[in-house]
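Hi everyone, thanks for coming. Let me put the structure up on the screen, and then we can walk through it together.

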Amino acid sequence: MESYVVKKSNPIINIIVGIFLGIWALINLFPIYFMFTFSLKSNAEIFGENIIGLPKEWLWSNFTQALGTGNMVLYFVNSLFVTTMSIAISLMAAMMACYAITRIKWKLSKLTNAFFMLGLTIPLQASIVPVYVVMSRLHWLNKYTTLIIPYSAFALSMAILICTGFMVEIPMALDEAARIDGCGLFGTFFKIILPLMKPAVSTVGIYSYLQCWNEFMFANVFISDSKHRTLPVGIKALSGAYTTDWGPIGAALVIATFPTLIVYIFLSRKIQASFIAGAVKG
Amino acid sequence: MNDDKRKKKEKKKADIARGLTIFVFLLPGLLLFVGILIAPIAVSIDRSLYDWNGFSPGTFIGFNNYVELFTNGSIKFMTSLKNALILAFFSVFVQLPLALLLALLLGRAETRLNRAYLSIFFMPVLISTVVIGQLWLKIYNPDYGVLNRFLDAVNLGQLKHIWVADPKTALGSILVPTIWQYVGYHMLLMYAGVKGVDIDLREAAMLDGATKWQVDRYVVIPIIKPIIRVSVIFAVTGSLKTYDLVRIITEGGPFQMTEVPSTILENMLFLRNRYGMGSTISVMLILLCFAFALLITAAFREKDE
């Protein structure tokens with residue numbers, strides 16, 4: 001590939017680099033491998049002689065136990081519902097706000113955008129006390145919306161940031177053409193802009209998905225009844241209940257993690273791209 | 001004359017319609033944003049000046065909460081702040097250099113192997129911190145954990161610890177997974193920057209006889225500096241906000257030695273019913289996050305000049 005003369009890199013350094021990258025890959029993969037194997041082992045194997053090997057006997061009953069008595073099915077469905085709703089709400093609100101900010105000319109549009117961008121630096125902890133007090137007074141704790149509303153709010157700023165990036169790419173000529181055809185501002189948004197925002201949907205969706213799926217602090221503080229627990233809180237509860245039985249805990253960890261990892265294997269570039277979009281512009 | 005009036009009227013009508021549209025389109029976003037973020041912060045600032053249990057109206061005490069936060073040792077705020085800053089220090093000086101090194105190495109050539117490495121190194125970012133905490137708890141387990149067993153196997157049994165409960169190693173046991181989890185994240189951001197460096201620029205430098213390391217040092221790193229700045233800000237504010245791993249791995253123990261601001265905040269609400277003090281901690285967190293973000297930005301600007 002290098003047709004011109006350049007200094008050859010030192011082969012010894014190349015080997016060291018290769019070993020370093022290899023070891024770092026192992027350090028990254030080992031905990032994931034470890035989680036998978038102990039989810040299928042009995043205590044005897046985990047505590048005995050077969051700590052890091054593949055399971056001798058594949059104990060799928062750990063999974064039935066985690067899913068059944070461990071309630072992981074419920075927690076999984078809860079997480080899925082809360083996450084999906086939060087993404088949908090924040091995305092819709094973000095696209096509408098973006099439309100008003102980037103495609104309609106008015107004096108305070110820049111300022112409004114800057115206002116929304118404050119949310120990128122504000123930590124989740126900032127609002128937890130008042131939100132908790134208000135929600136508990138309104139008897140609004142322990143519902144799905146207890147989490148959906150704050151999650152949507154906290155996903156909003158990033159969603160607006162990413163959507164703006166995509167929306168300014170759409171030529172204004174399209175809006176003007178639509179206007180000439182008799183489309184109002186509303187019509188233009190729903191018929192012209194929304195269909196063109198599909199790439200933004202996946203980028204924002206991926207970013208918000210991870211934020212909501214893995215969120216722990218609000219979920220831990222706001223949800224005390226087991227019916228509405230999401231996966232992270234469920235896992236904490238489960239590990240408290242099965243302190244001596246590692247297999248089912250391992251199974252629960254796998255259930256919470258592997259769906260994401262499997263999707264990641266197929267969509268790694270897309271997922272990486274959405275993280276880059278979320279940070280580089282911010 | 002009449003025509004002019006009609007035009008004006010129409011324009012006014014159009015302006016009102018436009019204003020209404022803007023309002024309607026902004027409404028859902030503003031409701032969420034103001035309702036859940038901005039208004040609560042305003043309330044937090046106000047309530048941080050009260051002795052308040054969350055239900056009664058509370059008593060106004062001025063800045064007493066702030067003073068107490070720094071002077072009352074039993075609240076452990078100083079400990080928590082120290083821990084957060086230790087986490088921030090190691091994130092900036094261990095995690096980020098490691099991430100930068102990986103990004104530079106992987107950015108040199110777009111081979112299949114490098115792509116695979118990139119994808120593997122990013123994997124931990126996708127895993128919930130709670131899962132990672134549980135996983136490392138199993139690794140640290142004093143009797144059955146992989147770590148102590150490994151030390152036994154290589155005849156270093158004297159290094160064995162009850163990692164999570166030993167005052168000497170408890171904070172470290174939180175630090176290691178924190179660094180482990182997010183190296184991949186920063187690596188990815190920096191990698192994107194490295195890939196954005198003009199290929200011609202690299203080749204020109206190499207033709208001039210620069211080694212790969214020199215190209216990285218004198219060409220690539222200066223160009224990706226803005227990304228490094230973002231990473232430093234994320235690493236520091238992220239450390240200030242730490243909650244999950246502490247809650248899962250040590251619960252703030254032993255003897256509250258590993259508390260962080262967020263766990264103290266939660267303790268104020270649920271163990272002590274001190275909502276005013278909880279608000280004070282919230283406000284301190286916001287202030288610290290913004291202050292560090294500004295400080296880091298200023299430090300990077302200074303260096304450029």
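Let me begin with burial: a residue is buried if 20 or more other C-beta atoms lie within 10 Å of its own, exposed if 12 or fewer, and partly exposed in between, with C-beta atoms placed from the backbone. Take A:Ile32, which has 20 C-beta neighbours inside 10 Å and therefore counts as buried. A:Ile32 lies in helix 1 of chain A, residues 11–38; helices here are DSSP runs of H or I with at least four residues, numbered from the N terminus. A:Ile32 and A:Trp246 are 214 residues apart along the chain, and their C-alpha atoms are separated by 15 Å.

Two housekeeping remarks. This is a predicted model, in which local features need pLDDT of at least 70, side-chain atom pairs count only at pLDDT 80 or more, and totals for chains, interfaces and linings use all residues. Residues are numbered from 1 along each chain as its sequence is written, while chains are lettered from A and ligands numbered from 1 in the order in which they are written.

Now, the interface. How many residues of chain B are in contact with chain A? There are 66 of them, and they are in contact with 76 residues of chain A; contact means that the C-beta atoms of two residues, placed from the backbone, lie within 7 Å. Helix 1 of chain B gives the largest share of the chain B side, 16 residues. By type, that side of chain B divides into 43 nonpolar, 14 polar and 9 charged residues. For that split, Ala, Val, Leu, Ile, Met, Phe, Trp, Tyr, Cys and Pro count as nonpolar, Asp, Glu, Lys and Arg as charged, and the others, Gly among them, as polar.

Let's stay with helix 1 of chain B. Helix 1, residues 2–47, packs against helix 6 of chain A, residues 128–137, at an angle of about 100°, and the axes are 7 Å apart. Axes are lines fitted to C-alpha atoms, for helices over the stretch in contact, and angles run from 0 to 180 degrees between N-to-C directions. The two helices are therefore roughly perpendicular to each other, a label for angles of 65 to 115 degrees. On the chain A side, A:Val129, A:Pro130 and A:Val131 meet B:Ile36, B:Pro40, B:Val43, B:Ser44 and B:Arg47. The residues of this contact divide into 6 nonpolar, 1 polar and 1 charged.

Further along in our tour of helix 1 of chain B we find B:Gly29. B:Gly29 is buried, because 27 other C-beta atoms lie within 10 Å. Leaving aside neighbours within four places in sequence, B:Gly29 is in contact with A:Ala93, A:Ala94, A:Met96, A:Ala97, A:Phe116 and A:Leu156.

Let's turn that round and look from A:Ala97, in helix 4 of chain A, residues 72–102. A:Ala97 is buried too, with 27 other C-beta atoms within 10 Å. Beyond four places in sequence, A:Ala97 touches A:Phe116, A:Ile160, B:Phe25, B:Leu26 and B:Gly29. A:Ala97 also turns up in the largest nonpolar core, which has 166 residues, as one of those with the most contacts inside it, alongside others including A:Ala94, B:Ala103 and B:Met190. A nonpolar core is a set of buried Ala, Val, Leu, Ile, Met, Phe, Trp, Tyr and Cys residues joined through C-beta atoms within 7 Å.

Here is a quick geometry check for the modellers. At 1.5 Å a residue, the 17 residues of helix 10 of chain A, 198–214, should span 24 Å, and the end C-alpha atoms are 24 Å apart, which agrees; the expected span is 1.5 Å times one less than the number of residues. Buried residues of helix 10 include A:Thr203, A:Tyr207, A:Cys212 and A:Trp213.

Last stop, backbone angles. Most residues other than glycine have a negative phi. A:Asn142 is not a glycine, yet has a positive phi of about 60°. A:Asn142 sits in the loop between helix 6 and helix 7 of chain A. In chain B, B:Asn155 has a positive phi near 60°, and is found in the loop between helix 6 and helix 7 of chain B. Which of these terms fits A:Asn142: buried, exposed or partly exposed? A:Asn142 is partly exposed, with 17 other C-beta atoms within 10 Å, whereas B:Asn155 is exposed, with 7.

How values were computed: Parallel < 35°, antiparallel > 145°, perpendicular 65-115°, else oblique.
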